[in-house]
Amino acid sequence: MSTVNSAARVADVLDRPAAQDRQPASRVMLGLDRHGKRTLAVGERGLVLVSDDDGKAWRQARVPVSVTLTAVRFVTPDLAWAIGHGGVVLHTEDGGATWRRQLDGRGIIRLLESAARGNEALAATARQFAADGPDKPLLDLHFYDAKRGIVAGAYGLVLRTEDGGATWQVLNGATDNPDGLHVYAIAVRGEETWLAGEQGYIARSLDGGRAFTRVQAPYRGTWFTARALPDGGLLFAGLRGNAWRWNGQGFEQLAGYAPVSLAASATAPGGVLLADQAGHLYRAGTGQQPARMVRLTTPPSPIAAMVATAGGDVLVAGVRGVSRISATVLEGGAP
């Protein structure tokens, strides 16, 4: 199929509002976040779901695109951002009930072309993006406050806003990623910001995500999830059950995981949870303490995202939609 036809299909779903679904909570869902009593879930075909009772009931939001959405983050009870395929950045000012598009792959191509003037490496990226069409997915995001945020995704694409998403700056030249490795995860501790992704790529910013320096990773496999830990460290996890903790000076490996890719993490009462692509759920260990697998009461399925509820339960998103793991089950983890 021609590139022109493929680009036209992407443009079509970028301009087509998400259809109303009779069973939206059972569809493939890839992102979750919670602020106060409100939880947001995002997933396939532009689905955004809103819950005000910790995921017991969901209603579908109005969304202006039909592309798959990959992640969502609250900043305040009213303000949140979501990202997805086709370079989409969506914003809500009413807690997720309605969304508007701030950016998509077409705008990203224009940003790359503008930023590439006088920079041949960035010009090559801009030409490739333009030839492929507006199809590149964004995979993670973080907003420091209502104005400052970054989004990242395929082929090393990283963008920053200083005005709540009204305008965006290309950071590809400031991320120490000349090979354009995919960025799958962002972890933030104060102004210290980390990117993690393909082929062991890890980079750190000490200036609030304006410029990054690559950090020598302990493992050359891809990282799929990264998270600041309650003890002040940072967690990086990915292929073949590899999980490592950055302690401020270097990395220490965390044991206890099956050799299956770790794809999602969440902070929950009692520590941090990690999930792999086989649907196994773990309470993360630290240092010499190994992880503990949680004995689930339902057949496991791949988990894409997790978020803890106020009552200590955990909502999980994946191929079966959004479901709940009770605090009682979580406390029953086996060594």
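Residues 24 or more positions apart make up 46% of the contacts in the protein with a separation of 6 or more. The model is predicted. Four helices and 27 strands are found in the protein. One pocket of about 1,100 Å³ is the largest, and one cavity reaches 30 Å³ or more.

**Overall dimensions**

- The radius of gyration is 19 Å, which agrees with the value near 20 Å for a compact globule of 335 residues.
- Along the principal axes, the C-alpha atoms fill a box of roughly 55 × 50 × 40 Å.
- Of the 335 residues, 55% count as buried.

**The largest pocket**

- The volume of the largest pocket is about 1,100 Å³.
- Its lining is made up of 42 residues. Closest to the pocket centre are Arg73, Asp140, Arg227, Ser265 and Ala305.
- Seen by class, the pocket lining holds 27 nonpolar, nine polar and six charged residues.
- Several strands each supply at least two lining residues. From the N-terminal part of the chain come strand S1 (29-35), strand S5 (69-74) and strand S9 (138-143). Further along are strand S13 (183-189), strand S17 (223-228), strand S21 (262-268) and strand S25 (303-308).

**The sheet S1-S2-S3-S4**

- S1, which supplies residues to the pocket lining, also belongs to an open sheet of four strands. The order is S1-S2-S3-S4, and the pairing is antiparallel.
- S1 and strand S4 (59-60) are the edge strands. Each has a single partner strand, so one side of each has no neighbour in the sheet.
- Six bridges link S1 to strand S2 (residues 38-43), in the antiparallel sense.
- Within this sheet, His35 has Arg38 of S2 as its bridge partner.

**The sheet S13-S14-S15-S16**

- S13 is another strand of the pocket lining. An open sheet of four strands runs in the order S13-S14-S15-S16, again with antiparallel pairing.
- At the edges are S13 and strand S16 (213-214), and each pairs on one side only.
- Strand S14 (residues 192-197) and strand S15 (residues 202-205) run antiparallel and are joined by four bridges.
- Thr193 has Ser205 of S15 as its bridge partner.
- In general, strands of a sheet pair through backbone hydrogen bonds, either parallel or antiparallel.

**The largest cavity**

- The structure has one cavity of 30 Å³ or more. The largest cavity holds about 40 Å³ of space.
- Its lining consists of Gly87, Gly105, Ile108, Ile109, Phe129, Gly133, Pro134, Asp135 and Lys136.
- By class, four of the cavity-lining residues are nonpolar, three are polar and two are charged.
- Helix H2 (residues 105-115) gives the most to this lining, with three residues.

**Helix H2 and its packing**

- The buried residues of H2 are Gly105, Gly107, Ile108, Ile109 and Leu112. Among them, Gly105, Ile108 and Ile109 also line the largest cavity.
- The buried residues of H2 pack against helix H3 (120-132). Strand S8 (100-103), strand S11 (158-161) and strand S12 (169-170) are packing partners too.

Methods. Residues numbered from 1 in each chain as written. Predicted model: local features only at pLDDT ≥ 70, side-chain atom pairs only at ≥ 80, totals over all residues. Heavy atoms only, no water. 1 Å grid on protein atoms, 1.4 Å probe; cavity = no way out; pocket = protein on both sides within 12 Å on 5 of 7 lines; lining within 4 Å. Points joined across faces, edges and corners; volume = space filled by probe spheres on them. Nonpolar A, V, L, I, M, F, W, Y, C, P; charged D, E, K, R; others polar. Pairing = 2+ DSSP bridges. Rg over C-alpha atoms; globule rule 2.2 N^0.38 Å. Buried < 20%, exposed > 50% of the residue type's maximum accessible area, 1.4 Å probe, protein only. Contact = heavy atoms within 4.5 Å.
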